[in-house]
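I opened my notebook to go through this model step by step. Here is what I looked up, in the order I did it.

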Amino acid sequence: MSSVRSDMNKEIRLRAAPSPTGKVHIGTVRAYLPNFLLARKSGGKNILRVEDTDSKRNAFGDSQLGVHAMIEAYEAVGIVFDEGPHVGGDYGPYVQSERLDIYKKYADELINNGHAYYCFCSSERLAELRENQKALKQRPMYDRLCRSIKPEEAKKRVASGEAHVIRMKFPTEGETVCHEVLFGEIRVKNQDIDDQVLLKQNGWPTYHLASVVDDHLMRITTVIRGDDWLPSYPKHVKLYEFFGWEIPEFAHLPMILNPDGHKKLSKRYGANSIIAKMREGYLKEGILNYAILCGWAPDAKVAHQDEIYSIDEIIELFDLAHMNKTAARYDQNKFDYINGKHIRRFTPEQFADRVLDWAENIVLKHFKVDVISGLEDWEISLQAEVKKYLPLWKADITKFNKCLALEQERVVKLSELPASLAYFYIDEFNYSDSDWNMKNRSKSELAAALKEVFDRLSVIFEKGSVTHEEWEKVVRGYAEELDWKAGDLFLAVRSAVTGRLQSPPLLESIEIMGWHKARIFIEKAITWLSK
RNA sequence: GCCGCUAUCGUCUAUCGGUUAGGACAUCAGGUUCUCAUCCUGGUAGGCGGGGUUCGACUCCCCGUAGCGGCACCA
């Protein structure tokens with residue numbers, strides 16, 4: 001394929017262009033992930049540019065804080081920026097509100113070239129115009145009234161201080177042909193395109209002007225953005241033509257939808273902050289793996305059957321060509337599956353490190369987004385739990401590693417851990433009936449059975465290490481004597497020792513906690529059952 | 001209303017004119033197992049409708065339908 005760009009050695013430069021109020025969630029992660037991937041793959045640059053040209057949005061809150069909260073969140077999942085307001089770069093400033101004079105200059109250039117014109121129409125007239133067009137079932141469009149004002153006259157009116165905007169003078173005949181990475185050739189009739197406002201009355205640019213100017217000035221080679229921009233793509237192509245600039249490669253990616261498939265992903269369905277997701281215990285590996293699979297699949301020749309990919313593999317395999325053109329729905333089941341798989345891929349040592357890192361540097365860390373949005377109730381209680389257990393975990397790392405090894409294959413997200421590991425770290429359970437299987441046996445039967453099995457277990461545990469054979473022989477043997485199903489007896493011991501009906505294997509659990517602790521649990525259980 | 005994009009199991013997807021339409025999640029049935037989970041085996045389930053083009057269409061074209069997006073001095 002012959003590209004306009006002939007220099008193959010040119011550095012690939014991509015940009016993420018959020019507005020400063022932008023929340024970071026799985027949908028936006030997925031939106032900016034391809035930039036990061038392609039930059040890493042090619043040795044190019046991943047750039048962050050803040051698009052804060054909407055004065056209304058900037059009227060609220062501390063946008064500096066918002067920007068840095070965003071950066072912090074992206075970097076937490078592993079999406080790092082090589083240039084941006086936080087690290088600088090050769091093409092700054094990277095915040096549009098600091099580039100106002102630049103946009104003004106290029107808007108004036110368009111005026112002077114005859115590719116743009118001053119428009120003096122009031123917003124009231126525009127609103128009325130729209131209403132009338134809607135009533136006539138026409139598409140709302142500017143009627144180009146001011147386009148016929150003579151340039152000299154317009155200049156005079158501007159000089160006299162009359163309120164105005166600058167509009168793009170889009171051709172009214174013929175068609176515009178655009179090339180798009182995913183959609184191929186796009187042709188539009190010029191008559192369908194509006195004379196877009198480029199510079200607002202307050203002197204600030206609209207997205208259309210600002211993004212084209214900045215993408216050019218910042219030497220962006222590939223623009224990856226949401227497919228909601230597709231309809232205005234021809235305007236941008238025309239602007240590049242007006243300026244005589246080389247057009248970057250454009251790719252318009254679909255977004256992630258709610259599970260019902262009818263709206264953009266909303267908070268209710270998993271679009272809550274990515275920091276919250278990480279606190280919940282989704283790993284960055286899992287987040288990135290799931291996110292990239294929304295609307296993309298690797299080339300069939302190199303795809304993994306289980307769809308599990310490391311971050312390095314995603315970087316290696318990702319390409320825009322295999323990007324889907326339709327929106328994908330958010331699927332919590334699959335997300336959970338992928339996260340669980342990544343948890344199980346760690347060696348026990350790696351897993352222990354990650355859990356500690358999660359506790360200290362994710363759960364308990366004070367993120368900037370916390371200042372803006374505050375903490376949810378579950379985050380507060382998770383922090384309390386982690387604060388309680390973390391010192392105990394770290395006090396005996398060998399023990400912690402052993403406990404974790406039992407949970408590694410059982411956990412979908414890390415936030416399950418404090419509770420599921422609790423029985424190794426607390427001294428007493430508050431038993432309740434629901435922690436026991438009383439379908440087949442009464443409380444008193446359970447108490448009696450536990451008492452006997454306890455005596456027999458004491459014998460083998462107190463003489464030293466216990467083999468699986470010995471353990472099984474005691475429990476099964478006694479169940480047989482009682483004419484119980486072995487499972488009922490195992491379950492009783494399980495409830496006594498772990499405080500719940502479902503747990504990791506019992507012998508391993510007892511070995512870790514030690515018989516002295518297990519016996520206390522069993523004694524207390526007998527007392528409770530006998531009440 | 002107008003303009004545009006899209007259309008394969010419930011969901012995410014593979015296929016780039018010739019396949020028993022493949023995989024993953026979910027689901028169901030087995031196996032492993034002291035419970036749960038992991039792991040393994042297997043099953044159910046799909047080309048929106050209608051016309052073309054072609055020896056042959058999920059694949060190309062047209063129409064319809066549906067979904068999504070856009071139609072701001074928001075991005």
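Entry 1, the RNA side. Before anything else, I noted that this is a predicted model. I started with the surface near RNA strand B and sorted its residues by class: 25 are nonpolar, 18 polar and 22 charged. Next I asked which residues come nearest to RNA strand B. Out of the 65 around the strand, I wrote down Glu 51, Asp 54, Gln 201, Ala 328 and Pro 505. Then I looked up which helices and strands supply at least two residues each to that surface. My list has the helices α5 (123-135), α12 (332-345), α21 (486-498) and α22 (506-513), plus the strand β11 (328-329).

Entry 2, the whole chain. I counted 23 helices and 11 strands in chain A. How far does the C-alpha trace span along its principal axes? I got about 105 × 50 × 45 Å. The radius of gyration of chain A is 32 Å, while a compact globule of 531 residues would be near 24 Å. As for burial, 34% of the residues in chain A count as buried. I also checked contacts between residues at least 6 apart in sequence, and 77% of them join residues at least 24 apart.

Entry 3, strand β4. I picked out β4, residues 165-168, and asked whether its residues are buried or exposed. Val 165 and Arg 167 sit on one side, Ile 166 and Met 168 on the other, and all four are buried, so both faces are covered. Then I went looking for the partners of β4. Strand β3 (residues 116-119) pairs with β4 in the antiparallel sense over 4 bridges, and Tyr 118 has Ile 166 as its bridge partner. Strand β7 (residues 197-199) also pairs with β4 in the antiparallel sense, over 2 bridges. There, Arg 167 is partnered with Val 197.

Entry 4, a hairpin. I moved on to β5 (residues 175-180) and β6 (residues 184-189), which run antiparallel and are joined by 6 bridges. Thr 176 of the pair stands opposite Val 188 in β6. How many residues does the hairpin use to get from β5 to β6? I found 3.

Entry 5, an annotated stretch. An unreviewed UniProt entry annotates residues 384-518 as "domain: Aminoacyl-tRNA synthetase class I anticodon-binding". I checked what the chain does over residues 384-518: it is 67% helix and 0% strand. The end C-alpha atoms of that stretch are 26 Å apart.

Key. Residues numbered from 1 in each chain as written. Chains lettered and ligands numbered in written order. Predicted model: local features only at pLDDT ≥ 70, side-chain atom pairs only at ≥ 80, totals over all residues. Near = placed C-beta within 6 Å. Nonpolar A, V, L, I, M, F, W, Y, C, P; charged D, E, K, R; others polar. Buried ≥ 20, exposed ≤ 12 C-beta atoms within 10 Å, placed from the backbone. Pairing = 2+ DSSP bridges. Rg over C-alpha atoms; globule rule 2.2 N^0.38 Å. Contact = placed C-beta atoms within 7 Å. UniProt positions renumbered as here; feature names shortened; annotations may be inferred.
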